[in-house]
Amino acid sequence: MATVQVSEAEKVYILHGIRDDLRVDGRGCEDYRHMEIETDVVSNTDGSAKVTLGHTAVLVGVKAEIGKPRPMLPDEGYLEFFVDCSANATPEFEGRGGEELGTELSNTLYKVFNNKNSVNLKSLCILKGEHCWVLYVDVLLLQCDGNLYDAISIAIKAALFNTKIPKVHISSDDEGSKEIELSDDPYDCMRLNVENVPCIVTLCKVGHRHVVDASLQEKACSVASLLIAVTQKGTVTCLRKVGGGSLDPESVFEMTETGKRVGKALHAPLMNLLQQEEKLGKTRQKVGFLG
Amino acid sequence: MLKSKTFVKKTRSGGVVKIVREHYLRDDIWCGSEICSECKPETTALQRDARIESSLCTYPHYLIPDTNVVLHQQIDVLEDPIIRNVIILQTVLQEVRHRSAPIYKRVKDMLHEKDKHFYTFTNEHHETFIEREPGESANDRNDRAIRVAAKWYSEHLKTFKSISDGLEVVLLTNDQGNKQKAKEIGLQVFKDEYIKSLIANPELLDRLALTNDEKNEISRKVLFPEHLPLSKIQVGIKAGTFLQGTYRASRDNYLEGTVFVHGEGEESTEVLIQGLTNLNRAVHQDVVAVQLLPQDKWVAPSSIVLQDEGTAKDDAGDEEDEDKKPTGKVVGIIKRSWRPFCGMLNVSQIKESTRHLFTPADRRIPRIRIETRQASTLAGQRIMVAIDGWPKDSRYPNGHFVRSLGGAGEKETEEEVLLLEHDVPHQAFSQSVLSFLPKMPWSITPEDVAKREDLRHLTVCSVDPPGCTDIDDALHCRELENGNLEVGVHIADVSHFIRPGNALDQEAANRGTTVYLCGKRIDMVPELLSSNLCSLRSNVELAFSCIWEMNHNAEIVKTRFTKSIINSKASLTYAEAQMRIDDTTMNDDITKSLRGLNKLAKILKRQRIENALTLSSLEVRFHIDSETHDPIDLQTKELETNSMVEEFMLLANISVAQKIYDEFPECALLRKHPAPPPSNYDILIKAARSNQNVEIHTDSAKALADSLDVARVDNFPYFNTLLRILATRCMMQAVYFCSGMDSDFHHYGLASPIYTHFTSPIRYSDIIVHRLLAVAIGADSTYSDLMDKHKQSALCNNLNYRHKMAQYAQRASVAFHTQLFFKSRGVLNEEGFVLFVRKNAIIVLIPKFGLEGTVFFENKDKTGPNLVYDEEGPTLTVLQRTFHIFDKVKVTISLDASNIQHQKIRMALLEPMIPGVSVPAEDLEPLSKKSKIDR
């Protein structure tokens, strides 16, 4: 990932600032950077969203395809994740540089989102044991400026909210062979319930305190960070430590508490915003990438 | 402005994909009206003074039909010349194209016709484009798009009120809901009443398709089971419970038909369908889905003749235990193949009634109920009717009047009927086809001269029947310095003018061949080509030449092919050529050339006959002179020169076939004539044996030819000819095929291992062969379709079909002229020979007229005389008098005009005299049939 060189003096400066709840860019420890969300940005996906967080920019597209359910879970659909670390985002991704990060990210996303507590996977079932919807979630990193996980998770939630899956009907005949029939009305589609879809809050341990939405410099000062997936209600669905350093249980507990608080505070305006945008319907001015 | 169209689609593998298409709106789409000063189109289609005399709309107006109006047969009304100034919206056009290709083509034709003042308004790319709303069906959206466009027009035209003279747009629909909505936004909108309001042209009303929505026959008995929806049919076919096939109605029994099911590989079966309910509204040639009945309900095809008289009950004919066939019922229609049908009106018994039944000329087509107010005028005329639909509570399909062809029995009308019923394309060539003709005056360019071999110095001449205008072959013969002879066959180079893929080529490919009727020719290519540019008259022309070097024993030393320029020195008739050859005083180049040719041709012919069989002499042709209606027997007038030309044409065809096959083993277009299965000869062997005790050997073509040659009986000179006629009937059809798709190339009739058609470029097959040969000698470039054996094979199928239909049309034409002849002659008594013996009749050939007819011994009114049929003979014994094949009889011939639609030649027995039989019977079956082998 993008690395920044920080000198000892800078480090001390940052550490001391954070200790006093005053970060280099003026934020408090639990403040996010400026965030922009736009949904329905890629017309040939079934749902899409673009999120910018500071200078971090990610684009998420969701494509729904008909597939076969997993044998162990015949009445559930599933999600697949792919993270594309574009070389546009940062020069380190050139060649195969982004692959490792991409795999790591998609594994984490898979753990966080692909379970029935986050997404109602049963609603993706078309015909038990035969057909289900598979949601391919493609994440494209456009620019890296720290805190990828949070930005990606918000974008995924927004994209899933935006996803419109065409309604299908199963017709069966006397022989029992079943056929999938598609509605002729493009507006006739199914929406996902995103109520329980979590957002990831990454907390960076810097000195004795921790910050959300760490900038690259702050990240450089941190030994370890904790990913906390929090739902709207404040339930923690996934917890993961990243980074080389260690965390003592006490601070893990503290960080979890902070994560719950920040996560809850993040969900409410996010849902609000998504619903508002949806209401605008066709009158909404699309901003796209150049706006 | 960019919009996008989004829709979801199911893929073949069962997946679902979302498709997004960009869609741009333009600001340069004009309204097309003359009065508009705002739009800037290059030409305007819609007139300033757009008047159609209507009592509903007294102001000038433009019509905007919606999709259903165009689609559901009202197209026949729109096609009428009085309907002008119509705006066809793109929405409508697209929907029509999607739903019915033939109607789309007709709409396109109308749009191209300048006098109709039709205009396409591309509303989908105009500001009137609308997007589909949530909850709106595709049809509703299209209807709304039509209304929005109509509204725009009416507003747009209003801005020119000062000069427009009250010009309005009128929306035509046949949907009540649509009408209501259009009214709400202030549009002029009409349904059928608009057509009714066209005071000046009441006959248009008849062309309105019958719609069932507002008919008052709600509680009528349901006669037929419901057709299954297509999705269910497809599932059923996949599962094997239903079979898909083409329905063929029986000619003789309207309650019976068969469905020809294409099985996998070679397996094809026929399923018998009997009874009105089981037929379930299938019409001849429809593609249907059938369900087999349980085996205990299988029946044998009934052998009785049942014609629909309207009263018969739905019975399944007599049932015999033997010969049961798979029997089924039609459960659904996969594809209708309805076309306008020729026929005549049965005027209703009830006076003033507007509903009448229409009887098609083709007996396999059911009668059609139509509504017309001009029944009295149409009675006695041949008319065309299109089927609109067949509701399940109706005994007959509903249809509407399309056009009148003219009085029944008139020559032009009957010819038209004949062409229509045999599916012979005979319309005038369209502008786009004519545009590919070379510009006149045409002359040979220096490039042509450079590319072609100059053979103008050779003494080339053509020999043809008298009165021939399309001279497409010419010959030459000269002595070479080494003592050998050089013989050339020069064929008009049509492929030089018809370039692959253009409209002219496509039209020719569709027509397939030139059709000759009595006194009429239906051209495959415009006359400029067939009779002018590609006619090798006595001047300089482009040709494709096949040149052999032969020794004096007519053995080929060398063969070569070349595109050439020739200068025909003389156009001779057969008789003229014969005279030159015979006249020893003439010694000019032409005559010498002819003598050389004749000498070689004789050798060639002898070799051919010696080596194998020639069936060419079996071809007994009778022609009726179109002017005097006198029959001409060509057989007696055959000259040496006839066979001279023929011999070299055969040789050229064989040489070319070999060449193109060597060059393109996968995609050469060849012609084969399969050997008939031995059982075909049974009748011939039996007849010869039982009648004159003559043995016919049919083990090989050679054996057959030899035994036919020796089969002569004293005091019965006609016996041999009769045998040959009969042998001809045993033959198979010769067909075109693609060499890559078949392994059997043999031409049985000509006894040639390989054969094709090269010598008559008025057939499309020859054009393809010309192209192949041109590629083979490097004179022309190839193109992909030429080398695609599947496309080639599909083309062959069309050519074979056209060829067959052309033959049928020809026979029908001869039959019609025969009728004309007998009409003028009245009743005649003639001698004839029994050609076939049937269970209840004998078929008699009258050599004098080349006419064949049936003498019936059974009669449906009275019980017939005691008939004993012996299959071994076959003989038929009528009251102790036994008829064999080839027996001499005397019959009386007259024209039976009781059924004007099916006039026929009636034959009745005069000699031998059998009491109670040799009286003219009623309702005889037709008629003369001529058959010949088409080489």
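Here are a few worked exercises on a predicted model with chains A and B.

**Exercise 1. Work out which strands stand at the edges of the four-stranded sheet in chain A, and what that leaves them without.**

Start with the strand order. The sheet is open and runs β12-β11-β13-β14 in chain A, with antiparallel pairing. Now look at the two ends: β12 (209–212) and β14 (236–242) of chain A each have a single partner strand, so one side of each has no neighbour in the sheet. As for the twist, it averages 25 degrees from one strand to the next.

**Exercise 2. Find the partners of β13(A) and match up some residues across the strands.**

Take β14(A) to begin with. β13(A), residues 224–230, pairs with β14(A) in the antiparallel sense over six bridges. Two pairs you can pick out are A:V230 with A:V236 and A:I228 with A:L239. The hairpin of these two strands has five residues between them, and A:G234 takes a positive phi near 95 degrees there.

Then go to β11(A). It pairs with β13(A), again antiparallel, over seven bridges. Here A:K205 sits opposite A:A224.

**Exercise 3. Decide whether β13(A) is enclosed or open to solvent, and check both of its faces.**

Count first: seven of the seven residues of β13(A) are buried, so the strand is largely enclosed by the rest of the structure. The cut-off behind "buried" is under 20% relative accessible area.

Next, split the strand by face. In a regular strand, side chains alternate between the two faces of the sheet. On one side of β13(A) you get A:A224, A:L226, A:I228 and A:V230, and on the other A:S225, A:L227 and A:A229, all of them buried.

**Exercise 4. Describe how α14(B) and α23(B) pack, and name the kinds of residue in the contact.**

Begin with the geometry. Helix α14 (residues 503–511) and helix α23 (residues 789–825) of chain B pack at about 55 degrees, with their axes 8 Å apart. That angle makes α14(B) oblique to α23(B).

Now the residues. From α14(B) come B:A509, B:N510 and B:R511, which meet B:L795, B:N798, B:L799 and B:R802 of α23(B). Sorted by type, the contact has three nonpolar, two polar and two charged residues.

**Exercise 5. Show where β16(B) sits in its surroundings, and which strands it pairs with.**

Burial comes first: eight of the nine residues of β16(B), residues 381–389, are buried, so this strand is largely enclosed by the rest of the structure.

Then take the partners one by one. With β13(B), residues 341–346, β16(B) pairs in the antiparallel sense over four bridges, and B:M344 stands opposite B:R382. With β17(B), residues 398–407, β16(B) pairs antiparallel over eight bridges, and B:Q381 stands opposite B:G407.

For the wider setting, chain B has 23 helices and 36 strands, and 53% of its 935 residues count as buried. Of the contacts in chain B between residues at least 6 apart in sequence, 67% join residues at least 24 apart.

**Exercise 6. Put numbers on the contact between chains A and B, and name the three residues that supply the most area on the chain A side.**

Residues first: 19 come from chain A and 19 from chain B. The buried area is about 1,600 Å², with carbon and sulfur atoms giving 55% of it. On the chain A side, A:L182, A:P186 and A:Y187 supply 28% of the area that chain A buries against chain B, more than any other three residues.

Technical notes: Residues are numbered from 1 along each chain as its sequence is written. Chains are lettered from A and ligands numbered from 1 in the order in which they are written. This is a predicted model: local features need pLDDT of at least 70, side-chain atom pairs count only at pLDDT 80 or more; totals for chains, interfaces and linings use all residues. Side-chain values use heavy atoms; hydrogens and water are left out. Buried means under 20% relative accessible area, exposed over 50%, partly exposed in between (1.4 Å probe, protein chains only). Two strands pair if DSSP finds at least two bridges between them. Axes are lines fitted to C-alpha atoms, for helices over the stretch in contact, and angles run from 0 to 180 degrees between N-to-C directions. Angles under 35 degrees count as roughly parallel, over 145 as roughly antiparallel, 65 to 115 as roughly perpendicular and the rest as oblique. Contact means heavy atoms within 4.5 Å. Ala, Val, Leu, Ile, Met, Phe, Trp, Tyr, Cys and Pro count as nonpolar, Asp, Glu, Lys and Arg as charged, and the others, Gly among them, as polar. Buried area is the accessible area (1.4 Å probe) that two parts lose on being put together, summed over both.
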